Amino acid sequence: ISKIGVYTSGGDAPGMNAAIRAVVRVGIAQKLEVFGIHSGYIGMVDNIIQPLQLRDMANVIQRGGTILKTARSTEFMKPEGRAKAAANLKAAGIDALVCIGGDGSFRGAHALWEEHQIPVVGVPGTIDNDIYGSDKTIGFDTAVNTALEAIDRIRDTAASHDRLFIVEVMGRNSGFIASHVGLAGGAEEIFTPDGLTTVEKAIDHIKEGIARGKTSSILITAEGQKPGRAYDLADSIRKKSGMDAKVSILGHQQRGGSPTAADRILASRMGAAAVDSLLKGQCDIMIGTEGERLVTVPLDLVTKTEKKTQIDLISLANLLAT
Ligand code: F6P
């Protein structure tokens with residue numbers, strides 16, 4: 001291979017720029033030409049592709065978001081859209097791709113290989129951490145720390161006013177941010193899409209705390225959890241117990257900001273490994289982590305397997321919040 005393309009797709013995540021930088025700089029060091037594809041699959045379909053040089057990567061390692069921009073393309077979901085994208089890549093002479101994104105992005109990458117034999121290596125970039133085959137995804141550590149900082153502030157005011165707070169964190173279908181932030185932030189209860197706890201259990205837990213002399217509590221809820229969104233949860237608690245809860249939805253601030261050292265290091269290692277894999281002739285795989293070790297996992301397996309929330313973190317948080 002002599003020309004590779006790199007793109008970011010799906011929701012942005014802090015550290016994506018560090019991954020792009022690693023792909024560009026390792027690629028050029030290996031005598032490859034590297035091209036940036038703008039706005040994920042939209043740029044592939046609409047042919048918004050431009051060469052990237054070493055100096056284009058100056059001052060990006062610390063920047064949140066993605067300099068290549070990102071999107072969720074509906075056209076690429078159709079076979080005709082993918083055919084158009086493949087024709088554009090072939091016309092530009094691009095032999096292989098690095099896809100930085102999440103689940104949906106990898107389904108697209110796998111389809112490109114299956115239908116058009118364009119080799120792609122995936123790098124998991126999503127704050128949700130919900131990608132099977134990798135213990136950690138790029139952006140997760142930053143998002144958890146951003147949410148935690150907000151929760152610590154909320155705890156100050158909750159304690160001052162003896163209040164109950166419900167803090168909603170991101171995670172459309174996953175409870176990774178909620179479980180990590182809940183344990184690290186000393187939450188009284190953690191609601192995740194796995195439906196492990198119920199409103200009744202949470203009420204009992206809060207009441208037990210009050211009986212022991214506790215005057216304020218924080219419940220963490222993932223946006224995709226079973227009893228509904230944070231305001232529904234507050235309503236339900238009010239109806240079932242008479243307790244009032246303040247709601248705070250952290251939202252998209254969790255997606256922004258400068259990446260933590262852990263995310264920059266992870267992104268740099270994964271970006272470099274993706275280029276190395278392509279040079280070794282590997283494709284249709286994702287670079288993942290198993291502990292500190294980098295591993296490769298078939299994209300098909302990644303997209304078809306669910307990564308389970310760490311239930312043990314939730315039970316530990318429950319046990320510790322006494
Ligand atoms: O996948 C990352 C994520 O931030 C989810 O946690 C959230 O549900 C979703 O993206 C929000 O997407 P959008 O930015 O398109 O509203």
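Let me begin with a turn in the chain: in the hairpin that strand 10 and strand 11 make, where two residues lie between the strands, G291 takes a positive phi near 65°. I should say at once that this is a predicted model, and I will keep to what was computed from it.

Staying with that hairpin for a moment, strand 10 covers residues 285-290 and strand 11 covers residues 293-298, and the two run antiparallel, joined by six bridges. If you look for I285 in strand 10, you will find that it stands opposite P298 in strand 11.

Now let me turn to the ligand. Which residues surround the ligand? They are R72, I127, D128, M170, G171, R172, E223, H252 and R255, and when we sort this shell by class, we count five charged residues, two polar ones and two nonpolar ones.

Three contacts made by oxygen atoms of the ligand deserve a closer look. From an N or O atom in the side chain of E223, an oxygen atom of the ligand is 2.2 Å away, while for the side chain of R72 the corresponding distance, again to an N or O atom, is 2.5 Å. With G171 the partner is a polar atom of the backbone, and an oxygen atom of the ligand lies 3.0 Å from it. As for cover, the ligand taken alone exposes 400 Å², of which the protein buries 77%.

Finally, where in the protein does this happen? The space that the ligand takes is the largest pocket.

Methods
Residues are numbered from 1 along each chain as its sequence is written. This is a predicted model: local features need pLDDT of at least 70, side-chain atom pairs count only at pLDDT 80 or more; totals for chains, interfaces and linings use all residues. Side-chain values use heavy atoms; hydrogens and water are left out. A residue is near a molecule or strand if one of its heavy atoms lies within 4 Å of it. A polar contact is a pair of N or O atoms within 3.5 Å; within protein, one must be able to donate a hydrogen and the other to accept it, and residues adjacent in sequence count only if both atoms are side-chain atoms. Accessible areas come from the Shrake-Rupley method with a 1.4 Å probe; for residues, only the protein chains shown count as cover. On a 1 Å grid over the protein atoms alone, a cavity is a set of points where a 1.4 Å probe fits but cannot get out, and a pocket is an open set with protein on both sides within 12 Å along at least five of seven lines; lining residues have an atom within 4 Å of a point. A molecule sits in a cavity or pocket if more than half of its atoms lie within 2 Å of its grid points. Ala, Val, Leu, Ile, Met, Phe, Trp, Tyr, Cys and Pro count as nonpolar, Asp, Glu, Lys and Arg as charged, and the others, Gly among them, as polar. Two strands pair if DSSP finds at least two bridges between them. Helices (H or I, at least four residues) and strands (E, at least two) are DSSP runs, numbered from the N terminus.
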